[in-house]
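Welcome! Open your viewer, get ready to select residues, and follow along stop by stop.

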Amino acid sequence: MSNFSSIAYYIPELILVILILSVIVIDLIPSLQDLKFPVAFIGLGLLALALNLSHGVKASIFMDLIVVDPFSHFFKWIFVLATASILLVSRYSVEVEEENHVEYISLMLMILLGLFLMASSTNLLMIYLAIELVSIPSYILAGMKKNDRASNEASLKYVIFGSFASGLMLFGLSWLYGISGSTNILDIHAALLTNGNQFLVYMSLMMIMVGFGYKISMAPFHYWTPDVYEGSPTPVTAFFSIGPKAAGFAILIRVLYTIFTNDGSLNATSPLYDVNWTLIFAVLAAITMTIGNFLALHQENVKRLLAFSSISHVGFMLIAFTVIGTEALTALLFYLVIYFFMTLSAFIIAIFIKNKLDTDTIDGWKGLAIRNPLISAFMVISLVSLAGLPPTAGFVGKFYLLAVLFRAKTFYWLAVVAILNSIVSLYYYFKIIKSMYFLNEEEEVSSEPLEVNPYVKWTAILFSAQTLLFYFYWTPLIEFINRSLSFWNS
Amino acid sequence: MDSMILTLLIFLPVFGAVAMLPAAKIVGKDNPNIFKWIALVITGLQLLLAVVLYMGFDSTLSVSTSPYTVQLDWIKHFNIQYFVGVDGLSMPMVLLTALLSFLSIGISWNITKQPLGYFALFLLLDAGMMGVFLSLDFFLFYVFWEVMLLPMYFLIGMWGGPQRHYAAIKFFLFTLFGSVLMLLGMLALYFYSDPHTFNLITLIQTASSIDATLWGMDMRYLIWFALFIGFAIKVPVFPFHTWLPLAHVEAPTAISVILAGVLLKMGTYGLLRISYPLLPGEVINFAYILAFLGVINILWGAVNAIAQIDMKKMIAYSSVSHMGYVLLGMAAVVSTNDGGAQAGLNGAVMQMFNHGTITAMLFMLVGVIYEKAHHRYIFYPDDYKDPALAGKPGFGGIGAQMPVFTAFVAFAFFAGLGLPALSGFISEALCFIGGFSVFRTLTIIGTLGILLNAVYFLRAYQHVFLGPLNEKYKDYTDMSTMDLAIVVPLAVIVLFLGVYPAPLVDMIAPSLDALIQIIQSAF
């Protein structure tokens, strides 16, 4: 589609661009400075409206650089919801200084734009640009606490790991271009079907996976995660743990299913020739979840613990790539939604604790159950969901992912590894619960009530409540995901 | 009304737990007693419903023809149903759960630490237990099975004894290990059966035709194994029993009653409800090992109980021993002798019920003395914090001081060691009769357990209640009316079923005959 006629399909992104500019402009006008957050929320509201109106549209726009389809649409919803909720709690976070608000908001929105592009790119160059558009503002956000050494370290680590990973990925992309002579992933698939060989495909796949694996913090490319998560301001950590990860999965699914399968679409049934990437993913899934879980066991810092737990959840989600088919993707997307709710609610509560008590160690949470029973109860729900126990949606998510293996009757060893891991994870999630609820007789803790900002409180409650809601009745969510599982060309 | 009763049984406690929140807002601040009253009323209603259910219960009807059965779609995408029903196997368990829950509220009457949390969690636990016994859809069963873990974790960890934190997480990790294996078994059953279903009644027909191998092993064998571990941890069967003494001892009295009285039965109930009818061929292959493990349980539990100086721990180990009888009786289902299978299986289910009532009595009575003395030592340990007391008898001569209490303890101890005319005798005897018809040597070794049971019960009785009165306890008063109100109904049931077990047998026998039919036809 030509550039001009594409614009009609590009309205959400355009709204976002205008929003970013207007936030910056508003900050220059002294009398309007207090309106930054309201404007951002109004803009995100308009964005959501535009997204809602473009429901079900399928088109390839800007000369096939990006596409609009239900699949990218699904992820855009996650991104918008994540950004909006994080901005809401950031406004009340002590870690984001008042004077940095404009940079904070605009960088966050720029990442959002990058995430939108990541979910919808179908061109290698566009993929690369989108990933960089997400990464570069992320580096800055990680270092937002200028005078904090941990934050500086987080930023620097993120830059170094990020550049290395994108360098390797770019190399892999250039191999694909070299084989096929095109940067469009559909053309590449067609070219690979006619010429190309297994070795070349393996090599390029491996190097691309470095880039994507780094974004979703898949082992062995996860080393940046704990330090970056710990050093960044907590709201930024919360955003990193869901936004870029979901986008990484979006792009991984699109590239894998378009380039590296026999059919080049979601109807695929087997890998391209005999490139056995399902086995690779099975091994990586097992390693990722095991590393994440075992390293989480000894963490005393809640943010680090949640960082490792997010790694283990990624390992769990990678199970979906061991089987090719839409049932596997349904399970993955379902888990992503659940993961979104449970992780964000846990992080929002962590932000609240950080605001109030200026601590992020597990011991610092001691006696929270007495000081704020409501928030503690909802933290328990989130943690139980993260551990994957009924009656929470975390269990349903795990159930779906395990069912993927059983339906395809493959990789049973991975199912065993996965369930053993879920026992390990229980132990460290319950360390937090233990700290909140269980006290020894001789321990003295303050029982002074902790007041919560109502916005923070209700966001946390709403998100935790989702994990209960989707447990008791998840049919609508599954139907929505099934409708969303459709590329523009299928 | 008939179709509502099971749903009410399960969800009434949930309603009660939720109702406590507004109650806490309105009157809770000035009147913390409101929570135990809510819990009492709710469990009382539940007991009433269970009795109503029992009145209208016809043991000859199968679940598919029973008027109480409810079958509704829950999640179509996975063919998961809200499918609850009651038959001869679940009926005694439902009665036991309702009765013990009600009495446990009475036992918890003096809880003052955060009553809202305690009673709300207790009711959720109650709902989970009821759900497990009434579910006929494997997914639903699993959900209720897991739902119990969380309240139990908090109840042990917040209201328990000195080592409660460790006991709570150990309990949780052990049972979770079992249940995740069960989850794998459940998924395998679903995807290998045709049509895919979690319906436990349909699976009886389809599961036995599963024909696949994995890692060189038969798929049905693997499923049996996964389910068995899951259930065995709950029972608990010998190498998996280590969570039990700790959890039982650290838990508050009412929770020990629930743990020993109801939760342990879930393991054997799960085997009888799921593993037995679905995988009869594997039951036959595995029966000898099951009987072997049962005998180990009987002896190991009893020997350990003898070594205990803490009365509660002794009773906890006696539970391990008594659950061994159940396993032995269950294994006897493969008996080809006339009536052997019937005796074994009936004995096992009766023992499940009887052990529930007897052990509840034992824990409750130990709780009474603990309330007064704040310790439960038959002998103080050698490294006791007060060196003057180390190694000395903990009590002595209580019998003269508290005659009524002593009488009930004697009654409960004798019921525990299987004295004729008390209910434990009949079920234990039936388990041995069943076991003897197939596993002759094993059963003979197992009967040693009866002797060992007598050793620890009588030894405890002698050192605590007989002999000269320990001066420390001379101003102790006897049981309160509240304590009597709790223990008398249990004692009446134990005595009644010991003299006249027919109501219990009539309730369970037809369902168990059907089960025996399924297993025997798999030979």
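**Stop 1: a residue in a helix**

Select B:Asn346, which sits in helix H14 of chain B, residues 340-373. Helices here are DSSP runs of H or I with at least four residues, strands are runs of E with at least two, and both are numbered from the N terminus. Before you go on, note that this is a predicted model, in which local features need pLDDT of at least 70, side-chain atom pairs count only at pLDDT 80 or more, and totals for chains, interfaces and linings use all residues. Residues are numbered from 1 along each chain as its sequence is written, chains are lettered from A and ligands numbered from 1 in the order in which they are written, and side-chain values use heavy atoms, leaving out hydrogens and water.

Is B:Asn346 buried or exposed? B:Asn346 counts as buried because its relative accessibility is 9%; buried means under 20% relative accessible area, exposed over 50%, and partly exposed in between, using a 1.4 Å probe and protein chains only. Now show what B:Asn346 touches: leaving aside residues up to four places away in sequence, these are B:Ile508, B:Ala509 and B:Leu512. Contact means heavy atoms within 4.5 Å.

**Stop 2: a residue in a strand**

Next, select B:Asp73 in strand E1 of chain B, residues 70-75. B:Asp73 is partly exposed, with a relative accessible area of 47%. Not counting residues up to four places away in sequence, B:Asp73 touches B:Ile80 and B:Gln81. Try a distance too: the C-alpha atoms of B:Asp73 and B:Pro381 are 57 Å apart, and their positions lie 308 residues apart along the chain.

**Stop 3: two domains of chain B**

Colour chain B by domain: domain 1 is 1-278 and domain 2 is 286-523, with bounds from an automatic or database domain assignment. Their C-alpha centres lie 23 Å apart. The contact takes 46 residues from domain 1 of chain B and 48 residues from domain 2 of chain B.

How much area do domain 1 and domain 2 of chain B bury between them? The value is about 3900 Å², 80% of it on carbon and sulfur atoms. Buried area is the accessible area (1.4 Å probe) that two parts lose on being put together, summed over both. Select B:Phe238, B:Val249 and B:Tyr276, which supply 16% of the area that domain 1 buries against domain 2, more than any other three residues.

Across this interface there are 10 residue pairs in polar contact, both at pLDDT 80 or more. A polar contact is a pair of N or O atoms within 3.5 Å; within protein, one must be able to donate a hydrogen and the other to accept it, and residues adjacent in sequence count only if both atoms are side-chain atoms. On the domain 1 side, highlight H11(B), which gives the most, with 13 residues.

**Stop 4: where the chains meet**

Finally, show both chains: 39 residues of chain A are in contact with 36 residues of chain B. Select A:Phe399, A:Phe406 and A:Phe438, which lose the most area to chain B in chain A, together 19% of what that side buries. The rule finds 0 salt bridges across the interface of chain A and chain B, where a salt bridge is a side-chain nitrogen of Lys or Arg within 4 Å of a carboxyl oxygen of Asp or Glu. The count of residue pairs in polar contact between these chains is 2, both residues at pLDDT 80 or more.

For a last selection, pick H18(A), which brings 14 residues, the largest share of the side of chain A that touches chain B.
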